[in-house]
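Trainee: I am new to this structure. Can we go through it step by step?

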Amino acid sequence: MNNKTVKLAVFASGTGSNFHAILKDKSLRKHIALLISDRPGARAIEIAKRYDIPTFVFNPKDFKNKIAYEEQIKQEIDSREIDLMILAGYMRLIGDTLLSVYEGKIINIHPSYLPNFPGKDAIGQALRAEVDTTGVTIHYVDSGMDTGPIISQEEVLITKEDTLESLTRKIQAVEHRLYPKVIKQLMEDLT
Ligand code: GRF
């Protein structure tokens, strides 16, 4: 596959600062073929519109169950011939409908040095545990919560002065640098 043809889909439920960081990288921008969001009204959708990225936005409540909305996502992914799926603050576990077909092609970013502090509020968990370091992890997605094979990690130091806000800023700065870099490396492996 020629690198030019690699197509990426980003999944985001919220603010989309990682999505934005990926889009700001001009060499990645042209590969983003779709934004998928499970939250109508998410800021990430506005960002997609600003950059003319097609969106698939759904409300899970409009579907009978997870299988039903993941079938719909699968159709979007297949019809657009997506090669790599990038979770960037997508607040749902990926189910078997997608994993059975695309495992190894779905990656996630998590704001801790996994396996420490998986799940929700990872930054708050690290602060409450009074550890000296936390970090950022990029990993393949499997059926567990933040358990898939690790692709890349970076440590972030916690100081005594750190608050949830300051530590979040430090972690996000690392995320916004590391995610685009890792995505580019994975794209090279796909070509
Ligand atoms: C990031 O911290 C990411 O690690 C986690 O969700 C957050 C998403 O933030 N999975 P944003 O929507 O990209 O700003």
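**Helix H4 and the salt bridges**

Trainee: On the other side of H4, which residues are exposed?
Mentor: This is a predicted model. Start with the buried residues of H4: Tyr69, Glu70, Ile73, Glu76 and Ile77. They fall within an arc of 110° seen down the axis, so they line one face of the helix. The exposed residues on the other side are Ile67, Gln75 and Ser79.

Trainee: Which helix is included in what covers the buried residues of H4?
Mentor: The cover includes strands S1, S2, S3 and S4. It also includes one helix, residues 96-102: H5.

Trainee: Which residue caps the N-terminal end of H4?
Mentor: Look for a side-chain oxygen 3.2 Å from the backbone nitrogen of Ile67. That oxygen belongs to Asn65.

Trainee: Is Glu76 buried or exposed?
Mentor: The side chain of Glu76 meets that of Arg80 in a salt bridge, 3.4 Å from N to O. Arg80 is partly exposed, with a relative accessible area of 28%. The relative accessible area of Glu76 is 17%, and buried means under 20%. So Glu76 counts as buried.

Trainee: How many residues apart in sequence are the parts that Asp25 and Lys184 tie together?
Mentor: Asp25 and Lys184 form a salt bridge, with the closest N and O atoms 2.6 Å apart. Asp25 lies in the loop between H1 and H2, and Lys184 in H7, so the pair ties together parts separated in sequence by 159 residues.

Trainee: How many salt bridges are found in the whole structure?
Mentor: Another one pairs Asp38 with Arg92. A search of the whole structure gives the total: seven.

Conventions: Residues are numbered from 1 along each chain as its sequence is written. This is a predicted model: local features need pLDDT of at least 70, side-chain atom pairs count only at pLDDT 80 or more; totals for chains, interfaces and linings use all residues. Side-chain values use heavy atoms; hydrogens and water are left out. Buried means under 20% relative accessible area, exposed over 50%, partly exposed in between (1.4 Å probe, protein chains only). Helices (H or I, at least four residues) and strands (E, at least two) are DSSP runs, numbered from the N terminus. The arc is that of the directions from the helix axis to the C-beta atoms. Contact means heavy atoms within 4.5 Å. A polar contact is a pair of N or O atoms within 3.5 Å; within protein, one must be able to donate a hydrogen and the other to accept it, and residues adjacent in sequence count only if both atoms are side-chain atoms. A salt bridge is a side-chain nitrogen of Lys or Arg within 4 Å of a carboxyl oxygen of Asp or Glu.
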